[in-house]
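Thanks for coming. I will walk through one model this morning, one part at a time. Please have the sequence and the structure open while I talk.

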Amino acid sequence: MQNTTWVPLFPDQASTFAWQVDALYFYLIAVSVAFTIPIVVAIFFFALKYRETEKYATPEEMHGSMLLETVWSIIPFVISMTIFIGGALVYFNQYTPPEDAMEVYVVGKQWMWKAQHQTGQREINELHVPVGRKVKLTMTTEDVLHDFSIPAFRTKADVVPGRYTYMWFEATKPGKYHLYCAEYCGLNHSGMVGWIYVMEQRDFDNWLSGSVSGQTPVEMGKDLFTNKLGCASCHAGGPAQRGAKLEGIYNHDVKLVGGATVKADEQYIRNSILNPSSQVVEGFQPIMPTFKGQVTEEQLNALVAYIKSLSPNAAASTAAMPATPAANANTPAANKPAAKPAANANK
Amino acid sequence: MNAQTAITEGHADTPKGNYLTNGSTLASWLLTKDHKRIAIMYLISVSVFFMMGGLYAATIRLELLTPASDLVETATYNKVFTQHGILMIFFFLIPSIPAILGNFLLPLMIGAKDLALPRINLLSLYIYWLGGGLTLFALMQGGVDTGWTFYTPYSTTFSNSFVMFVGLGIFINGFSSILTGLNFIVTIHTMRAPGMTWFRMPLFVWAHYATSLVMILGTPVVAITVLLLAIERATHVGIFDPSIGGDPILFQHMFWFYSHPAVYIMILPGMGVISELISNFSRKKVFGYEFIAFSSIAIAVFGFLVWGHHMFVSGQSIYAGMVFSFLTMVVAVPSAIKMFNWTATLYKGSISFDTPMLYAIGFMGLFLIGGLTGLFLGAIGLTVHLTDTYFVVAHFHYVMVGGQVIAYLGGIHYWWPKMTGRMYSEFWGKISAMLVFVGFNLTFFPQFILGYQGMPRRYAAYPEELQVLNIFSTAGASVLGIGLIMPAIYLTHSLIFGKKAGDNPWMHPGLEWRTSSPPPTENFDVMPVVTWEAYEFGEESGLDLEGAKRRDAAGVA
């Protein structure tokens, strides 16, 4: 919830690194004040004390001082290094997603945000997350650059066409927070906004069971893999297959034609679907057709999720499963969060 | 009256020719090789662009008075902020001080007859007109809505506006910068008067030397980038667009590799002006001359190594982010050195508060805030929250307007008597300087708070709880607007009604004050020989201080 003072000075602190960013902010304000006050006081003091008393006076010359120059070079340098180190620590934290986070896929599109949970729930311009759990967003875009920005969590990340970017957070306070697109994306950029709903785990479980869930990404990927796109005709496994075996490859090194080795991460899987001949696995022919233009970003996400699920040991991230699914199965809408605005209602 | 004519040695009343009276036909202006006339033509053209950019700024602030997108359509708003940025950066901020004040003063300050390459100088003006004309043509045809940063793939694939035309305008205009930079470097190396050693040069000249280095080395990169953008848009060869095999982040690297150093093209000449003003109006040699001179060079060099700090959240590796953050912190040090030396220059000076000095003192305060908030944005963990918000908008306006524009205005006032031979109204000058200072702070300080609240840039509409601060900002903008319109009026008025300025109305020792106002076409009647150090205010540097006192006494009586 936004605070309701007349002139709001700070956004809510609603994630585990909100206080870190705020601490950095206050440190920098302190440094700024510590520099500004002496300089401004000196300027005013000198300006008054040494104001012109006689026209065209010739004050005594001064040539500068090596000692002073050294001091006022070293002090700012040392202080700027403390700022650098503080910033780097927080940054490392912000952009290193933990292994055990619950994963959500996000796709940006002119001009809306589409999110899909591991359990299949889809949302537009909204994202429901439980409080106190690490959430990792795997993001891409169907068109231009966007930026997923949540001021209350003090984090944001650009969303880049043709690749995955990641961000993570752990919400600390239930509530409803602004979601903005922070990278200019064309006509309705300022309408590409929404809400992040942070809920208690119990409410979140109810929301999960209450909202209509379609296929989970893994199910959807499997469907595409075996039926719609026919990947299975070459990649179903077995020794005589024309396509490389996909079981167990995720997060493992793959040897490529030409001798290079690459780690089979999400980017690699994605690239192998869209640009198959660019990284061919050793022992196979570059015969796979490209699927560029035939699959949407959401379908790609689903395929990647499915292929990851074929490597059960490597895929560490946990799905957003309800903590006690059975208990909540029959109470659909009872605890749904109140007053959920319609998608796009906020301009 | 007798005393005065004696001092000015007849320059004021005998109709001796100066650069303004040397030919009055249009051709005598358009075909001139005189750096001073070229500077005046730049002054007029740059002012036109500044006014247009200002009108766009006014539209932005009026739109943001209310949370909804209601004054203009969102599509129009997107074009307005884009065109505000393009006109202000490429056609006002970059050429303003170098092409006007630098052009006019650099040869005068080092005792040269003209720039080393006068025809090239005129060519750079024509190129500026051509680039500017093309850009204006594109704006009138329908404008461009990509943001001044032209980020791909929006600018190559998705925007239906006149990206190619504007790109071509900026591409052409870049050559104007390159030629000006080249001309300055050659001039400083080869055209210094006898006795004008490197360490006797005014710091304004040092700052322009550093700026010229950046212009020559950086501008070709933006030309290449714009060219690649055009190739991709026209032929669909994949360079930046991922759907045809390009990389959108590559564009950002190339764009900022120029556009970050371009920030220093904008601010370094401003710092040069401030060094002149602080020293001259304290009548005291600038403190730590060598440190100020070399810090300009250091800024120019390190400025090339920090472009990645515009891309902390763009998906570059976190280690790249840390390297760029480190280098960004390093580049803050030379700016801090300048700040301290300027402050120390005031110590035991003889400080007068004429309009240019008011601007200089205002610059110190505003640039201090602009520089310190740069540290906020260099601290990577913090900038993840702040980037792409109004905090960034406030920061770069503090540096660009609070720094560069204030320095430009201070410089224009200071050298106005030299350029025109007339004094401006000191009363209105002071009023306007104060209005600019107050209006500027009221406009942009609230934007720091809006930014920390998370208000994103380039939004036509914003949440209602942010309206109060936006009202402050718009109110401040109207004060700032009045403060900026006033000089246009009283300076123009002074051309005809202004008091005649003597050759050296401030009694300052720079070479530009040792010729008549306005100077003759060949700058000096006799080639000056420099026997004094920079910023020597005593009579030993040849200043007739007693004479000036007599002149003043006669003027009062």
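**Helix α16 of chain B and its surroundings**

Let me start in chain B, where α3 (35-63), α14 (390-420) and α15 (426-453) are among the elements that cover the buried residues of α16(B). Keep in mind that this is a predicted model.

Which residues of α16(B) are buried? They are L469(B), N470(B), S473(B), T474(B), G476(B), A477(B), L480(B), G483(B), L484(B), P487(B), L491(B) and S494(B). As a reminder, an α-helix has 3.6 residues a turn, so residues three or four places apart point the same way.

The length of this helix can be checked. Helix α16 of chain B covers residues 467-497, which is 31 residues, and at 1.5 Å a residue it should span 45 Å. Its end C-alpha atoms are 45 Å apart, so the model agrees with that expectation.

Next, the place where the two chains meet. On the chain B side 79 residues are in contact with chain A, and on the chain A side 79 residues take part. Helix α11 of chain B, residues 318-346, gives the largest share of the chain B side, with 14 residues. By type, that side of chain B consists of 48 nonpolar, 22 polar and nine charged residues.

Now over to chain A. This chain has eight helices and 12 strands. Of its 347 residues, 37% are buried. If we take the contacts in chain A with a separation of 6 or more, 70% are between residues 24 or more positions apart.

One sheet in chain A deserves some time. It is an open sheet of five strands in the order β4-β10-β9-β6-β7, and the pairing is mixed. Which strands are at the edges? They are β4 (126-130) and β7 (155-159) of chain A, each of which pairs on one side only. On average, neighbouring strands of the sheet are turned by 20° against each other, direction ignored.

Inside this sheet, β6 (residues 146-150) and β9 (residues 175-181) of chain A pair in the antiparallel sense over two bridges. There, S149(A) stands opposite Y180(A) in β9(A). Helix α3 of chain A, residues 201-210, lies across β4 and β10 (194-199) of chain A and runs at about 130° to β4(A).

Last, a single residue. A101(A) sits in the loop between α2 (66-94) and β1 (102-109) of chain A. Is A101(A) buried or partly exposed? It has 19 other C-beta atoms within 10 Å, and buried would take 20 or more, so A101(A) counts as partly exposed. L137(A) is 36 residues away from A101(A) along the chain, and their C-alpha atoms are separated by 9.2 Å.

Conventions:
Residues numbered from 1 in each chain as written. Chains lettered and ligands numbered in written order. Predicted model: local features only at pLDDT ≥ 70, side-chain atom pairs only at ≥ 80, totals over all residues. Contact = placed C-beta atoms within 7 Å. Helix = DSSP H or I, 4+ residues; strand = E, 2+ residues; numbered from the N terminus. Nonpolar A, V, L, I, M, F, W, Y, C, P; charged D, E, K, R; others polar. Buried ≥ 20, exposed ≤ 12 C-beta atoms within 10 Å, placed from the backbone. Pairing = 2+ DSSP bridges. Axes fitted to C-alpha atoms, helices over the stretch in contact; angles between N-to-C directions. Expected span 1.5 Å × (residues − 1).
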